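Below are some notes for a colleague reading this model alongside its sequence. They are arranged as numbered points, each dealing with one region.

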Amino acid sequence: MPSKTEKLLSLLNGQPVIPVLKIANVADAVPLARALARGGLPAIEITLRTADALEAIRRVAAEVEEAIVGAGTILDTHQFEEAAGAGSRFIVSPGVTRELLAAAAGSDVPLLPGAITPGEIMAAREAGLRFLKFFPAEQSGGIASLKAFASPLADVKFCPTGGITGKNAVDYLSLSNVVCVGGSWVAPDDMVKAGKWDEIEALARAASKLGR
């Protein structure tokens, strides 16, 4: 049986940028997911920062076969269970807690927890996780910190999120311990609100080629 880390890596395989989405209007979820998938970014993270987030996850999971929808900003076991029940294929949290690790251990849905200190990274590693979210990346030492972790924590890989843009993403993706980055620049709020799906698809296509 593949490990949770292997399952998560297979879901995000070859995708350099994971769009981090805040859905203000649930009607935008399906066309947005379709536009991102057409552009080469099928794996997306819908954050639980809005009232419509869970319904957005449900709709994308049910209606966009080509999408791999995950839930972000998961803070506790209740949210973990709700997001998994809504159809999330993976769960992303800003930090790591014993409760979330326990919830993930009892679920088929893999967890990508945030970790920025050696202690947090080691705690997640002890729980069997080798792929972590480095958040908030830019505010927590960014590239310099990740370079420093590469040797003592050589078997841990990261998805930096927080302050990542189209301009600095390539620098992160060049690091040996970075698999992908998370970012919201591929789906700007104004474009989503205006329904500019073709323009979002173009941004996604450009992002899908970063680091290659």
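Against which strand and which helices do the buried residues of H10 pack?

1. The model is a predicted one, and the points that follow should be read with that in mind. To take the opening question directly, the packing partners of the buried residues of H10 are strand E1 (17–21), helix H2 (29–38) and helix H9 (189–194).

2. The residues of H10 that count as buried are Trp197, Ile200, Glu201, Ala204, Ala207 and Ser208. Around the helix axis they cover an arc of only 125 degrees, and they therefore sit on the same side of H10. As to its length, H10 comprises 12 residues and spans 16 Å from its first C-alpha to its last, which is close to the 16 Å expected at 1.5 Å a residue.

3. Glu201, which lies in helix H10, deserves a separate look, since with a relative accessibility of 14% it falls under the 20% limit and is therefore classed as buried. Its side chain and that of Arg205 are joined by a polar contact of 2.8 Å. Once neighbours within four places in sequence are set aside, Glu201 is in contact with Ala35, Arg38 and Gly39. By way of contrast in position, the C-alpha atoms of Glu201 and Ala104 are separated by 32 Å, the two residues being 97 residues apart along the chain.

4. Ser208 belongs to the same helix, H10, which covers residues 197–208, and Ser208 is buried at 8% relative accessibility. A polar atom of the Ser208 side chain lies 3.4 Å from the backbone oxygen of Gly39. Apart from neighbours within four places in sequence, the residues in contact with Ser208 are Pro16, Gly39, Gly40 and Leu41. Gly39 is thus listed among the contacts of Ser208 and also among those of Glu201.

5. Turning to helix H1 (residues 4–11), the buried residues there are Thr5, Leu8 and Leu11. Viewed down the axis of H1, these residues fall within an arc of 125 degrees, so they line one face of the helix. The buried residues of H1 pack against five named strands, namely strand E2 (43–47), strand E3 (68–72), strand E4 (90–93), strand E5 (111–113) and strand E6 (131–134).

6. For E6 itself, the side chains can be sorted by direction: Phe131 and Lys133 point one way from the strand, whereas Leu132 and Phe134 point the other way, and all are buried. In a regular strand, side chains alternate between the two faces of the sheet. E6 pairs in the parallel sense with strand E7 (residues 157–160), over 4 bridges, and within this pairing Leu132 stands opposite Phe158 in E7. From E6 the chain crosses through helix H7 (residues 142–149) to reach E7, and this β-α-β crossover is right-handed.

7. Is Ser107, a loop residue, buried or exposed? Ser107 is found in the loop between helix H5 (98–105) and E5, and with a relative accessible area of 15%, under the 20% limit, this residue is therefore buried. The side chain of Ser107 comes to 3.0 Å from the backbone nitrogen of Val109. Not counting residues up to four places away in sequence, Ser107 touches Lys4 and Phe80.

Note on methods:
Residues are numbered from 1 along each chain as its sequence is written. This is a predicted model: local features need pLDDT of at least 70, side-chain atom pairs count only at pLDDT 80 or more; totals for chains, interfaces and linings use all residues. Side-chain values use heavy atoms; hydrogens and water are left out. Helices (H or I, at least four residues) and strands (E, at least two) are DSSP runs, numbered from the N terminus. Buried means under 20% relative accessible area, exposed over 50%, partly exposed in between (1.4 Å probe, protein chains only). A polar contact is a pair of N or O atoms within 3.5 Å; within protein, one must be able to donate a hydrogen and the other to accept it, and residues adjacent in sequence count only if both atoms are side-chain atoms. Contact means heavy atoms within 4.5 Å. The arc is that of the directions from the helix axis to the C-beta atoms. The expected span of a helix is 1.5 Å times one less than its number of residues. Two strands pair if DSSP finds at least two bridges between them. A crossover is right-handed if, with the strands pointing away from the viewer, the path from the first strand over the helix to the second runs clockwise.
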